[in-house]
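Me: I'd like to understand the labels people put on contacts in a model like this one. Could we go through them together?

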Amino acid sequence: MSDLVTSIRENYQKTLDSIATAARKAGRAPDSVRLVVVSKLQPLEVVEAAIEAGAQILGENYPEEAVQKIVQLKSQTKVEWHIIGHVQSRKARLVAEHFALFQSLDSLKLAERSDHFAAEFKRVLPVLLEFNVGGEESKTGWGAADERRWTDLLDEVRAISALEHLQVRGLMTMPPLFINPEKARPYFQRLRRLRDFLAGQIPQIEWRELSMGTSADYAIAVEEGATLVRIGQAILGPRPARGD
Ligand SMILES: *Cc1c(COP(=O)(O)O)cnc(C)c1O
């Protein structure tokens, strides 16, 4: 086995162990959390090594970059690809064609376009709704920092829930980044409360998934109910810079 695979495998296993520890601490079953290995900006050989090291779900931010990898790795039928970055409307078709889960759906317009293309591909596209629970301007997602205004979200969430070729499965967030991960806890708690709120208001949807937690803070996210954690650097090492 190559050094690259060995080192990724070690990191992957360690991460799974920490997820299991955090889950048990919160009284949750370790297998209630799925690990998404975030491979954005990583070259193909790193993604291949990650798959060989055991990665089952890969998360990518940029649709075109991701589709290149997906096409080249077509023979790897066991891996599942998630899109986790902001998607421009004109990329909706790529997402509807190639991804198992669209984690970062962040507007009604994008939902309608995705629904349109999913219909064209004769499929139902599973999606998560991305919320900005920290209120930072740099972050995408529906603004949800002010809990008193959550009812304002309902019209759009209902409209998306009604789209026939999308299946809403839960919520996703990218909270502010702190050196001390404990400080992210209130934001994870807020996303969970938002999920409970939406589940109360729109009970016909199964609000199962909470995608939250990165290399910096996934253990805290798991303690607060994450069902999907998105981890890049802690498993694959530093990313090459984006050169576009
Ligand atoms: C890059 C990215 C991650 C992973 O971040 P790491 O620090 O590499 O763990 C998770 N989620 C989103 C939305 C990202 O863009």
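Me: What makes the pairing between the ligand and the side chain of Asn61 a polar contact?

Reply: Happy to help! A polar contact is a pair of N or O atoms within 3.5 Å. An oxygen atom of the ligand is 2.7 Å from an N or O atom in the Asn61 side chain, so the pair fits the rule. Keep in mind that this is a predicted model, where local features need pLDDT of at least 70, side-chain atom pairs count only at pLDDT 80 or more, and totals for chains, interfaces and linings use all residues. Residues are numbered from 1 along each chain as its sequence is written, and side-chain values use heavy atoms, with hydrogens and water left out.

Me: Which atoms of Gln233 and of the ligand come within 2.8 Å?

Reply: A backbone N or O atom of Gln233 and an oxygen atom of the ligand. Arg230 uses its side chain instead: an N or O atom there is 2.9 Å from a ligand nitrogen.

Me: Why is the link between Glu80 and Arg34 called a salt bridge?

Reply: The term asks for a side-chain nitrogen of Lys or Arg within 4 Å of a carboxyl oxygen of Asp or Glu. Between Glu80 and Arg34 the N to O distance is 3.6 Å, so the name applies. Glu80 belongs to strand S3 (residues 80–83) and Arg34 to strand S1 (residues 34–38), 46 residues apart; strands are DSSP runs of E, at least two residues, numbered from the N terminus.

Me: How many salt bridges does that rule give?

Reply: The count is 18.

Terms used: A polar contact is a pair of N or O atoms within 3.5 Å; within protein, one must be able to donate a hydrogen and the other to accept it, and residues adjacent in sequence count only if both atoms are side-chain atoms. Helices (H or I, at least four residues) and strands (E, at least two) are DSSP runs, numbered from the N terminus.
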